[in-house]
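Student: Could you take a close look with me at how the helices pack in this structure? I'd like the geometry and the residues that make each contact.

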Amino acid sequence: MDGPRRQTQPSVSIEQAARPSFEITVGDPHKVGDLTSSHIVYQVRTKTSSKAYKQPEFTVSRRYRDFLWLYTALHNNNPGVVVPPPPEKQAVGRFDSNFVESRRAALERMLNKTAAHPVLQHDGDLKIFLESDAFNVDVKHREHREPGLGENKGMFSSIGFGSGGGGKFIEHDDWFHDRRNYLDALENQLKALLKSIDTVVQQRKALAEAAGDFSASLHALSTVELSVSLSTPLEGLSDLQFRIRELYERQAQQDVLTLGITVDEYIRLIGSVKQAFAQRQKSFHAWHNAEAELTKRKATQDKTLRSGKTQQDRLNQLQADVGDGERRCHQARLLFEDMGRLMRSELERFESEKVEDFKSGVETFLEGAIEAQKELIELWETFLMQLDADEDGEPFFKPPGISAAPAKPKEEIAPGSSKGSAQEAAATVTAEQED
């Protein structure tokens, strides 16, 4: 009986349970609340193969501060892990449609990266965020039940891993020292690139506004022009400029949602990496504080033994204190070493994802730029074809009747030019009728 039972449990189910798949979308942003408490609410839809969730598909409502809570909880629960951060706060213009869309896209990328992380996807706070219908109540219950928000944080506090530092930290590992310098340089370059992208976006918006003003001026001119052969092309050119304005506005928004959002995301990710560095520094100070405390306890024990006083209870207590100090020192050292190995793997993951994300972002940016130029060329070509068609049927511009001016060009036209002769004859007839 044992053989058939083992065959009915293939290893695929174990792999799926260890690395479940997630597909998360953040959509339907809508404004709720009154004037003083208004905010945007998003619908978070999740499809997953994880057996830890009650259903394979579910939808919940979340606001921006809920995403901030999730980031803080994951950061506290998993020291050393680079947690994908949410977009920055913005007090002015937070209800603007373009800003809401860019924030929605950034929140969606944050959740999908978090759910794809091999460590973070198993965090209990992520499950609460994605699944709970009574989110605020569950968060309060969890905070009362586990004030530390995470098993690891309790262990850190037991060995002295607190918010206080232990002096200036000097990095002795060349690998981490080089990575820290690299991240500082990368952050500065990405900030400069984001500033340049913002400049390009603003120029596109200004160009779109100029095209709109040009379109309005052409439309106003076409309404006062009496000649139909001139007012019609002017109105067509006005419509063309209006469509060019829409194209520039769409391209500006696309620049933000493709390359701009990627650059901004990695600037924030570097901030998360630096927080992981800070946690590693705290674990280093906790280790050395534990060593200093152990040395102090051993010195007290040796002093008591040299005094010659045979207080067995006191000696037993000192021996127990030394043993506890050795345990704490050993745990702190292991924690620091484990966090170093974890951060190495996290930074390697950061580098590989950075290459893929920027490659995808640049490709999408270039494809959008090419499509925009093709659309612009098509608009102009269509307009020129319409003008040519009008010239074949009805002249684009009929010169006003004049008496003697057309006679001189008529003598200079070559005999084979029938189109020019016909136009000059028509002008002469018009002039004679007016005389």
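Tutor: Happy to; here is a walk through three helix pairs and the start of one helix. This is a predicted model, with local features needing pLDDT of at least 70 and side-chain atom pairs counting only at pLDDT 80 or more, while totals for chains, interfaces and linings use all residues. Residues are numbered from 1 along each chain as its sequence is written, and side-chain values use heavy atoms, with hydrogens and water left out.

Let's begin with H5 (residues 124–131), whose axis comes within 9 Å of that of H3 (residues 64–77), crossing at roughly 165 degrees. Helices here are DSSP runs of H or I with at least four residues, numbered from the N terminus; axes are lines fitted to C-alpha atoms over the stretch in contact, and angles run from 0 to 180 degrees between N-to-C directions. That angle makes H3 roughly antiparallel to H5 (over 145 degrees; under 35 is roughly parallel, 65 to 115 roughly perpendicular and the rest oblique). The crossing is left-handed, meaning that the near helix is turned anticlockwise from the far one by less than a right angle; clockwise would be right-handed. Asp66, Phe67, Trp69, Leu70, Ala73 and Asn77 of H3 touch Asp125, Leu126 and Phe129 of H5, where contact means heavy atoms within 4.5 Å.

H5 also packs against H6 (residues 135–145), at about 160 degrees with the axes 9 Å apart. H5 and H6 are therefore roughly antiparallel, but H5 passes H6 in a right-handed crossing. On the H5 side Asp125, Ile128 and Phe129 take part, meeting Phe135, Asp138 and Arg142 of H6.

Now to H4 (residues 97–116): its 20 residues reach 29 Å from first to last C-alpha, close to the 28 Å expected at 1.5 Å a residue (1.5 Å times one less than the number of residues). At its start, a side-chain oxygen of Asp96 reaches to within 3.1 Å of the backbone nitrogen of Asn98.

H4 meets H9 (residues 228–307), their axes coming within 10 Å and crossing at roughly 50 degrees. H4 and H9 are therefore oblique to each other, and their crossing is right-handed. Asn98 turns up again here: it is one of the H4 residues in the contact, together with Glu101, Ser102, Ala105, Ala106, Arg109 and Lys113. The H9 residues include Gln253, Leu257, Glu265 and Arg268.

Methods:
Helices (H or I, at least four residues) and strands (E, at least two) are DSSP runs, numbered from the N terminus. A polar contact is a pair of N or O atoms within 3.5 Å; within protein, one must be able to donate a hydrogen and the other to accept it, and residues adjacent in sequence count only if both atoms are side-chain atoms.
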